[in-house]
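Open the structure in your viewer and keep the sequence beside it. The tour goes from one selection to the next and says what is there.

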Amino acid sequence: MSTTFDRLSMILQKSFNLAPERLTADATLASLDIDSLGTVELLWQVEEAFKITIPAAPLDLLTLSDVVQHIDQLVACAGIPQPKSPGAAPVTPAAQALRTP
């Protein structure tokens, strides 16, 4: 079973031609040469791969760990069963409230 980080890494390797050894949790998007346009493209691919919708609100996603945590939170809110990443952020009470009908 693959983790969110594994799935994100596959997207980055395929779409941005990044070597797997560069993809660590603390790697910044900037260090991977992913600019603001690249970030938008990445988030579109994440939406498709994880079957989630990323809100249009500005995001402060600096590292791959930030991206993974954001994906895990959105997946949890959507109630989509997917493998959890080690060290993923817990679902906040506000996110839990969104899941409750």
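## A patch on the surface

Select Leu37, Val40 and Trp44. In this predicted model, these residues form a nonpolar patch on the surface, and together they have about 330 Å² of accessible area.

Keep Val40 selected and drop the others. Val40 is found in helix H2, which covers residues 36–50. Is Val40 buried, partly exposed or exposed? Its relative accessibility is 36%, so Val40 counts as partly exposed; the partly exposed class lies between the buried limit, under 20%, and the exposed limit, over 50%.

## Along and around helix H2

Now select the whole of H2, residues 36–50. How far apart are its end C-alpha atoms? They are 21 Å apart, and this agrees with the span that 15 residues should have at 1.5 Å a residue, because that expected span is also 21 Å. If you try the multiplication yourself, use one less than the number of residues.

Next, colour Gly38, Thr39, Leu42, Leu43, Val46 and Phe50, which are the buried residues of H2. They lie on the same side of H2, because the arc they cover around the axis is only 135 degrees.

Give a second colour to Leu37, Trp44 and Glu48. These residues are exposed, and they are on the other side of H2. Leu37 and Trp44 were part of the surface patch at the start of the tour.

What do the buried residues of H2 pack against? Show helix H1 (4–16) and helix H3: the buried residues of H2 pack against both.

## Into helix H3

Move to H3, residues 64–78, and select His70, which has its place in this helix. With a relative accessibility of 16%, His70 falls under the 20% limit and therefore counts as buried.

Which residues is His70 in contact with, leaving aside its neighbours within four places in sequence? Add Ile54, Pro55, Leu59 and Leu61 to the selection to see these contacts.

## The whole chain

Finally, clear the selection and show everything. The protein has four helices and zero strands, and from the N terminus on its elements run α-α-α-α.

Of the 101 residues in the protein, 35% are buried. The accessible surface comes to about 6,100 Å², and carbon and sulfur atoms account for 60% of that surface. Among contacts between residues at least 6 apart in sequence, 51% join residues at least 24 apart.

Technical notes. Residues numbered from 1 in each chain as written. Predicted model: local features only at pLDDT ≥ 70, side-chain atom pairs only at ≥ 80, totals over all residues. Heavy atoms only, no water. Helix = DSSP H or I, 4+ residues; strand = E, 2+ residues; numbered from the N terminus. Buried < 20%, exposed > 50% of the residue type's maximum accessible area, 1.4 Å probe, protein only. Contact = heavy atoms within 4.5 Å. Patch = residues over 30% accessible without salt bridge, like charges linked within 9 Å, V, L, I, M, F, W, Y side chains within 5 Å. Areas by Shrake-Rupley, 256 points an atom, 1.4 Å probe, with all protein chains shown as cover. Salt bridge = Lys/Arg side-chain N within 4 Å of Asp/Glu carboxyl O. Arc of directions from axis to C-beta.
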